[in-house]
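Student: Could we go through how the strands and helices are arranged here? I would like to check each answer against the coordinates.

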Amino acid sequence: MTAPNPTPAAAPDAGKQRGELIKVMAAAATAAQNGKRGDLVKKLQSATARLTSSGARVAVVGEFKKGKSSVVNSLIGGAVCPVDDDISTAVPTVLRYADTLSITGVALEGEPPKEVAKELSKEQMGKAIRGAGDFQRVEIALPSPLLKTGLVVIDTPGVGGLQSEHALRTLAMLPSVHALLFVSDATQELTAPEIAFLANARRLCSNVVCVLAKTDIFPFVDAVVEANQKHLTNAGIAAPMMTVSCELRARARAAKDPVLGEASGFGPLEAMLVTRIAANAEALAMRAAAADVLSVLDQLSKPLAAVREALKTPENQAELQANLEAAKHRAESLRAQTAKWQMVLSDGVMDLQNEVDHDMRARMRAISQEAEASLDQSDPVKMWDEFGQWLETRVVYDVTENYVMFTQHALALTERVGAMFAEDAADLGEVANVAAPTHLLDKVIDPELPKAALQGGGGSAAISLFRNTYSGMSMFGALGGQGMMHIFTGAMNPLTLGLGLVLGSRSVSDEHTRQLEARRNHAKAAVRKYTDEASFVVGKDSRDAIRTLQRSVRDTYSALAEELVRSTTTAVQQATAALQGAQQDHQKKLQAIDATLKAYQTLAAQAAKFAPPVAKAAPKATG
Amino acid sequence: MSNSLLARTASVADRAVAAYAGSPVEAASVEIRRRLDLPVQVAIAGKVKVGKSTLLNALVGEELAPTNASECTRIVTWYRRAEVTQVTAVPYQGSPHPVAFSRNGALDVELGAESAESLRWLMVDWPTERLRAMTLVDTPGIASLSTDLSQRTTAFLDPTSEDPGTVDAVIYLMRHMHTADVRLLESFHDHDLAQPNPVNCIAVLSRADEIGVCRLDAMKSAHAIADRYIVQPSIRRLVQDVVPVAGLLAQAAVSLREEEFRFLRSMAQAGVRSNSPVLGSVQELSAADTEIDDVVSASVRRALVERFGLFGVRWAMEWLSRAPEATATELAEALAKVSGLTHLREIVMQQIAARSGLLKARSAMTALTRLAATNPVNGLSEELEALAAGAHELAELRMLNALRLGAVPLKDDQLAEAEQILERSGQAAAARIGLPPDAEVGEVRRKLLASLETWQKRAENPLSKQAVVDACRVLIRSYEGMLTDLAG
C-alpha cells in the first residue's frame, strides 16, 4: 500500500474507471475467443470476477465498550449497529454498499446464509449482533455514500473482554484487511494490553489508525493524545491518531451544521479512508486486472508476430523456426517439474514447514517448562483456576506469534517464487507482469478471509488453524476439572505472561506429602497433554495451510507456464502454416495480421493506463 | 464482639513483642502491635486512569492527591490524620525524612534529588476529621504502560509478597470488569485465614458518568451494570459490593466553591438545560460565541466542565432549574448524592469503618502467623491457632465465603438471610436482621429467637447435608451472640 504513485482522486470516479477497465477486459476476452485461446478467456474471466468483488476492507477493532459500533455508525451515516451502555457487540458485522438495504444473518458453518430481514428491524438485528441468534456473522448491505467508494467496514466484537481467542481471531483476519481502525476512547490513555495488541496488529496490517472516540465528553483530550503518542513511539508502532466524537457527528448530520461536523473530527478520518485506503485498494485491484489483460494480449500477439515475421522475411525461415522452437522449449522447461521456480517452491515449502513446526514446538516446550517450574513451587489445587487461565492465554499468545511468523514467511516465499518464474520467463517476451503474485496468497489468506475467520471455520485452511486451536482450547475445560472462568480470560497482556507474577505468591502450606507430589504430577501431565494437543492441532493445521499454499502457488505458475507453452507452440505452428499457403495470399494475410496487432496494441495501451509502471523491485530487465 | 477479638489479638501481639525482644524481627513485631491501635488502613487501587486519586480526594473532602489527564500517581502515597501537616518520604534504603511540599490545589511534593523509584512510599500527615476513621492509600495503576509501577502496586497489595503494604481493606476501582482487574483482586485476597475473601474489598464502578456518555440518566445505566456485576458469582466471591461513582463530580461536590455555585446558578437562570445546544459537548460548552457569553464566559464554562464533567454540569442545570432557591450547600449535597459518593461513604462506613476491629485483627493475625512460621518461638503458633479457632467472627467470614462460592445447598431465601447475617457481622443486631435501627428491643429479640429456632431445627434435621449443618451451627452461634449482646 505504500506504492509511490500519487493516486489520483480515484474515489469519485472510481466506478467509472473500473467500468472502463472492465470494458477493456471484455474486449480482450473477445480477442482471446477469436484467437481460440479458451485458457486466456478463462484467465480474464477470473480476473474480472476478482476486480468486481474487490473493495477496501476496513476492520474496526478495540477493547470492548470503547465505542466501536458508534464509530461504525458515524462512518456509514446512520444508526445501524446497536449501541448500548452495557451490552456489547458479540458477532462481527460486515457492512458493504448496496442500493437497497438488506440484512443477512450468516448462520453456522455449512448452512446457507440465512436472511434475517430485508427491512431494518432493530430488535431482530440487535439480537443477532448481540449473539442471541444462531448467527456467526451479520452482513448488512446499505446505500451509504462512504461505502459507495468501495469500502467494506467490519465491526468486530471487543478484543479484551471476551475470550482470548477473540483477540486471536481478530488478528487472524488482519493480513487480509486493508486497514485497521483501532478504537480507544479519548478519556483514557492506551493501556498495556491495548499497546500489545496494536504492536501485533501493526505487523500484520500496514494501515493501522488509532481512533480516539468520545471527545465530546472529555475536556482533556489533548493531554491524552500526547501521552498516547509517546506510548506508541516508545513501542515503535507507526500509526496515526485521530480524535472523533460520534455524538457531535450525529448532531451535525441532524442539524446540517458544518461547524459541529468539523468539531466531530470525522472529516479527516473519512478523507483518509477514501483517498488513501479505498483509493489504494482500488488502484491495486485495477493494476492487477490490467496486468492480466496485458499478459493476455502479449500472449495473443506473440504467434501473430511470429507469423508476420515469417511472411515478411521468408528467406530467414530457418532461423525464425529455430528461435521459435527454442522459445517453445524454454516454455516447456518452465512447465517441467525441474524448473527452477518449482525448486524454489518445494524447498521453500519444506523450510517454511520446518520453521513453523520448530517455532511452535519450541514455544510449547517453553510454556511447559515454565508451567512445571511453577507447579514445583506450589499446590495445584490452590491455583488451578488462575493457572488454567494463564496457560490458555499464554498458548493463544504463542499461537498468534506463530501465525504471524507463518504469514510473513509465506508472503516472502510467494514473492521469491514469482521472482524466479519471471526471471526464467523473461526471455520469452513481455511477461514481467506475471511477477506480481498479489492474489496468490489469497488462497491461503483469502480476501474473503474475514468471512471465514468470522465464521470460525470453513473456507480457508489458515483460518481453520484458529478454529481448531479453539477446539483445543475448549478441551482444556475438561482437563481443568472445574470450569475455567471463561468470561475473564482476557487480552494478551504482556504483564500476565509472567506466570511468576500471577502465581508467585501462592505459597505452599506446610502440608508436605505424597499427595501434594501426586497432585503436581497430575497437573504436569495435564499441562503436557494440553501443550502436546495444541502443538498437534496447530501443527496439523499449519501443514494443511502450507500444503494449500504450495498447491495454489504451483497451480498458478503452472497454468502460466502452460499458457506460455501454448503461445509458443501456436507461434511455431502458425508460422510454419503461414509459409505453406500461396504466395499471393501473403500480402492479404500480412494486412489482416497488422490490423489485429494494431487492435491489440490499442487495447494494451488502454489497459496500460490502469497499470502505471511501478518502480518496485523489478525481478530483472526483460531480455 | 469485634473489639473483644481485637483485644485478644492485641494481647497475643503483646506476648509476641515480648518474645521477640532483642531478636532481628523485634521491630516487625512492634509494628504489628502498633498497627492494632491505628485507624484501619484502606488502599484505593485499580487500573491506570480509573480515577483513584480523584476518588481519594472525594473521600477526604479536599483536593490533596494530584489528578491529571495523564497517568500521574507514581508513588504509593499514604494519607493519614495527624495534628501537624507534614509529608514524609520513606525510601527503600535509608531512613524516612520529611520533604518539602507546596499546595496549589493539589499537593505538590518536591522530591529533590530522589527518584520516585527509590521511594517505598510517601506519607502525608493531614489534619482532617475525614481521615480519623481510616487511613487511605493511593496506589499507581495496574495494567499501566510502565510495568514497574504496575508491579509495585501488585506487590504492595499482595499480603504474601516480599514487601506487603499491610492494608486491611481495598476499595477497588474499575470502569468495566477486565481480566487485569480480576487478577489484582485475586492477588489481594490472602490465602491463609479465610481463602478468597470478599470481606475486605469494595468495588467501585468508576467514572460512572462516562459509561452512559454523560447523558442525564448515565448514573441509572451505571447502577444497572453494577447490579448485574454483583450477582455474578465470580465477582461476588471477590468483592462485597459494586458501587457506581462519578469520581470527578464527587470531588467537585465536596469542594464546591461559592463562586462556582454562582456561575452554575446564573447559567441555569439564563435558561440553560441539560439538552441545550451549549451543553451538547465539551467543544460547544467551551466555544466562544454563544448566547450566554455575557452570563458566563467561555473560559469559565471550560473551567466548570473540567471540574464537574459534562454530566455534572448537565445534571446541575436540571437540578437548579427545579430548585432555584437552593444554596451552594444544598447543591453540593445533591451532587454528592447523584455522583454516588454519599452511597459509597455509607458502604465504606458499614463495611470497613464499622468492622475495623475485625479487619485489623485479621491483618495482625496474618502477619503474626507469617512471623511465627519463619521465626518460631515457644507457643506463639499455638496461641495464634487457638485465637483463630476461637474467633467466631472468622468462622462467620469463612462461612460467608462458602455460601458465596455456592458450596452450601440452601434455598434462596435461606441463603439470602444467612448472607445478610454474616455480611453484617460486627454491626448492631437490628441491622443484621434487617430491622430499622430504632426498632424496639422486644421486637428484635422476638425475631432473633424465631430465626434461632428455625436454624436449630434445620441443624437437627437428619436429612440435612453436612455442609448445611455446618452453616447452621455458625448461624446459631451468631444468633446466640446477638441475643447475648441484646441482654447485656
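Student: Which residue in strand 7 of chain B stands opposite B:Thr88?

Tutor: Happy to help! This is a predicted model, where local features need pLDDT of at least 70, side-chain atom pairs count only at pLDDT 80 or more, and totals for chains, interfaces and linings use all residues. Residues are numbered from 1 along each chain as its sequence is written, with chains lettered from A and ligands numbered from 1 in the order in which they are written. Strand 3 (residues 86-91) of chain B pairs with strand 7 of chain B in the antiparallel sense over six bridges; two strands pair if DSSP finds at least two bridges between them. Opposite B:Thr88 in strand 7 of chain B stands B:Met123.

Student: And which residue of strand 7 of chain B is the bridge partner of B:Trp78?

Tutor: Strand 2 (residues 77-81) of chain B pairs with strand 7 (residues 119-126) of chain B in the parallel sense, over five bridges. Strands here are DSSP E runs of at least two residues and helices H or I runs of at least four, numbered from the N terminus. The bridge partner of B:Trp78 is B:Met123.

Student: Which strands of chain B stand at the edges of the sheet?

Tutor: The open sheet has nine strands with mixed pairing, in the order 4-3-7-2-8-1-9-10-11 (chain B). Each edge strand has a single partner strand, so one side of each is left without a neighbour in the sheet. They are strand 4 (97-98) and strand 11 (242-245) of chain B.

Student: In chain A, is helix 12 roughly parallel or roughly antiparallel to helix 18?

Tutor: Helix 12 (residues 317-335) and helix 18 (residues 514-580) of chain A pack with their axes 8 Å apart, at an angle of about 160°. Axes are lines fitted to C-alpha atoms, for helices over the stretch in contact, and angles run from 0 to 180 degrees between N-to-C directions. Angles under 35 degrees count as roughly parallel, over 145 as roughly antiparallel, 65 to 115 as roughly perpendicular and the rest as oblique. That makes helix 12 of chain A, relative to helix 18 of chain A, roughly antiparallel.

Student: How is helix 17 of chain B set against helix 21 of chain B, oblique or roughly parallel?

Tutor: The axes of helix 17 (residues 392-404) and helix 21 (residues 466-487) of chain B come within 10 Å and cross at roughly 135°. That angle makes helix 17 of chain B, against helix 21 of chain B, oblique.
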